[in-house]
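Okay, thanks everyone, I'll keep this short. Could we have the sequence and the structure up on the screen, please?

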Amino acid sequence: MPPPSRAAVEPVLRSLGYEGRVRLSGALGERVADAVETYLGMPPEDVLHGFRTQAGLASPGQAMTGWSSVTTQPTFGQWVSGLARLGVTAGVAEASARAVELVAGYAETVDPDGDTRMSLYGYEKLVCGLVDVARYAPQGRDEALALLERTAEWAARTFERDRPPAHAANFAGGVITPHSHARTIEWYTLAENLHRGYLAGASTAVEDFARVWHYDSYWDAFAQRPEPGRPWDVPVWLHAYSHVNTFASAAAAYEVSGDPHHLEVLRSAYEHLTTTQTYATGGYGPSELTLPEDGALGRSLEWRTDTAEVVCGSWAAFKLSTALLRFTGEARYADWVEQLVFSGLGAVTPVQPGGRSPYYHDYRLGIATKLPHWDDWPCCSGTYVQGVSHLPDLVYHQHDGGIAVALYVPSEVTWSQGGAEHGLTQRTDFPAEDVTALTVSGSGAFSLRLRVPPWSNDFQVRVNGRRVDAGTVEGGWRELDRDWSDGDEVTITLGAGLQVLPVDRWHPNRVAFAHGPVVLAQNADWTMPLSLPTPWAMVDLDAAFTREENGLGYRPVGVGTARLPLGSLRPLADVPDRIPYRVYTDLDDPRII
């Protein structure tokens, strides 16, 4: 783990997933286990084949396909990162060993002067993989840090920073940035893992190099929030995923420097993104772009199939939200995470052996489908394993007085408090059922903090069957501070119900339906779209829909027509590839195509 003295700020909430203290079960546990199987199933000789061929070395194995047909540089570092993380968060020692093996094999292909033969796009991801091996796989720490320092010296000599060629300009608010270069696509995400490398024990030269790549011209645009009723004065029509991902660099800069300006940027960026850029699922970025506040988000549903770059976008949002949770301790920063866990990353078809990968979510009006990306092993095959490996770290967080529960999913956690070991086991069938139960292991005094979701309409807490009024503490958590006994059970009624969620204020009748945080998709296989009287806020939803008895599903009370009946609603996560569905519909003017 990184030397504590190198971080300028101490987190309010501390990671438990990366201490190996959280285990997921249920659907999320299955997703983690599937990722372990898929990514450990990639032969190391194939992953390294292109690098070895390029370096003139013996190249056993076979060339990979798609984005990795020449070398695996577009996602190599992310695969290494995800495996190193899974070694800890999923408790799979073989994953840690594979990450170390891949770094050792790759190191043999790097020239003595540190030349990686990568563009900055691939190099930025390589840095992440090296840092995560150093942090989470102790047996590979020394080699990973040594390779990081050597390649950083090469990168400092190689990547253009001062003289942007006109033919390769990147624009931020219409201004050519000083870091533009044909080999430096998405340069503004590089600082994150260089800072993290320094925190993990790399030299001060790595930290100095990180500061070169700060995106101050963009970050600073978020320091000033708009007056009430006014739009945000920030650049738009930019690549959405990477311009959310850059805030992870601002978060790393804050951890190293303690500069409160960076924390304010993170807070404002989160507010901007979640109030102006996101759909009901938490996804964002139609055609991979950020949008102005003029109804463009709602209009995008009329014609874009690439509505949200959902896998990469989820990973960027996870990192921003995790940083804010850790550094502020505020429960609300798990709200976006929850949307994406249930309806973003958690609602895609997993990456398949051979490289077929989810990439976009489709929320089109009329009819939509889930389809894998047309190329094997795209960028989302890298962010997928990183995002899945991070899931266990999103559920529980330790604070000075005890434990905080951010997500209500089947899981277990242990932690040390006051010299004693404690544990919680969470059992729930949510969202099919509205209750979750937390069973305490061990005895002793600690504070149990519970996040109240913004969609809850009746959050109730019982301890050993008796209802209690949990008090609210700083950060917005409900708190139970007591002397616990082994076997105590906390039962929570979450208060989820059917919601109608307009896409934006310019399209009040262009809506999605959700049950709590779970976005529902209407069956669109020869069915009639939904419609409701408007204004829909006056409609009794309990009278308009019937809740199905098994699982989570809703049937419209209307019957449609003999040829086009009204399709039922079920979680977007349950819809397989290639089956037509509808997420958004115009209640006052429904369309079939």
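Let me start with one term: buried means under 20% relative accessible area, exposed means over 50%, and partly exposed is what falls in between. R14 comes out at 29%, so this residue is partly exposed. And one caveat up front: this is a predicted model.

Let's stay with R14, as its side chain meets that of D400 in a salt bridge, at 3.1 Å from N to O. R14 sits in strand β1, residues 14–15, while D400 is in the loop between β5 and β6, so this pair ties together parts that are 386 residues apart in sequence. How accessible is D400? D400 has 68% relative accessibility, so it counts as exposed.

In general terms, side chains of opposite charge can pair when their charged atoms come close. How many salt bridges does the structure hold? The count is 25, and I'd like to show you a couple more.

Next up is R196 with D132, where the closest N and O atoms are 2.7 Å apart. Here R196 belongs to helix α7, residues 191–199, and D132 to helix α5, residues 120–136, so the bridge links parts 64 residues apart in sequence. Buried or exposed, these two? Both R196 and D132 are buried.

Then there's R510 and E302, a salt bridge at 2.8 Å, N to O. R510 is in strand β17, residues 507–515, and E302 is in the loop between α12 and α13, so parts that are 208 residues apart in sequence get tied together. R510 is at 7% relative accessibility and therefore counts as buried, whereas E302, at 36%, is partly exposed. There's also a small network to look at: E19, R21 and E421 are joined by salt bridges that share partners.

Right, on to the helices. Start with α3, residues 76–89, and α4, residues 93–107: they pack at an angle of about 150°, with axes 7 Å apart. Why do I call α3 roughly antiparallel to α4? Because angles over 145 degrees count as roughly antiparallel, and this pair is at about 150°. The crossing of α3 over α4 is left-handed. On the α3 side the contact includes F76, V80 and L83, and on the α4 side you'll find, among others, A95, L102 and Y106. Sorted by class, that contact has 11 nonpolar, two polar and one charged residues.

Now look at α3 against α5. This time the angle is about 20° and the axes are 6 Å apart, which means α3 is roughly parallel to α5. This crossing is left-handed too. From α3 the contact residues include F76, V80, A84 and V88, and from α5 they include L126, C128 and D132. Yes, D132 is the one that bridges to R196. The classes here are eight nonpolar, four polar and three charged residues.

A quick stop at H243, which is in helix α10, residues 240–257. At 4% relative accessibility, H243 counts as buried. Which residues does H243 touch, leaving out those up to four places away in sequence? They are Y188, Y215, Y218 and L238. For D220, 23 residues away along the chain, the C-alpha separation from H243 is 13 Å.

P235 is in the loop between α9 and α10, and it is buried as well, at 16% relative accessible area. Its C-alpha atom is 8.4 Å from that of P292, and the two prolines are 57 residues apart along the chain.

Last topic, backbone oddities. F430 and P431 are joined by a cis peptide bond, omega about 10°, and P431 lies in the loop between β8 and β9. T534 and P535 have a cis peptide bond as well, with omega about 5°; P535 is in the loop between β18 and α16.

And then positive phi. E288 has phi of about 65° although it is not a glycine; this residue is in the loop between α11 and α12 and is buried, at 14%. W377 also has a positive phi, near 50°. You'll find W377 in the loop between α14 and α15, buried at 4% relative accessible area.

That's my tour, happy to go back to any of it.

Notes: Residues numbered from 1 in each chain as written. Predicted model: local features only at pLDDT ≥ 70, side-chain atom pairs only at ≥ 80, totals over all residues. Heavy atoms only, no water. Salt bridge = Lys/Arg side-chain N within 4 Å of Asp/Glu carboxyl O. Helix = DSSP H or I, 4+ residues; strand = E, 2+ residues; numbered from the N terminus. Buried < 20%, exposed > 50% of the residue type's maximum accessible area, 1.4 Å probe, protein only. Axes fitted to C-alpha atoms, helices over the stretch in contact; angles between N-to-C directions. Left-handed = near helix turned anticlockwise from the far one by under 90°. Contact = heavy atoms within 4.5 Å. Nonpolar A, V, L, I, M, F, W, Y, C, P; charged D, E, K, R; others polar. Parallel < 35°, antiparallel > 145°, perpendicular 65-115°, else oblique.
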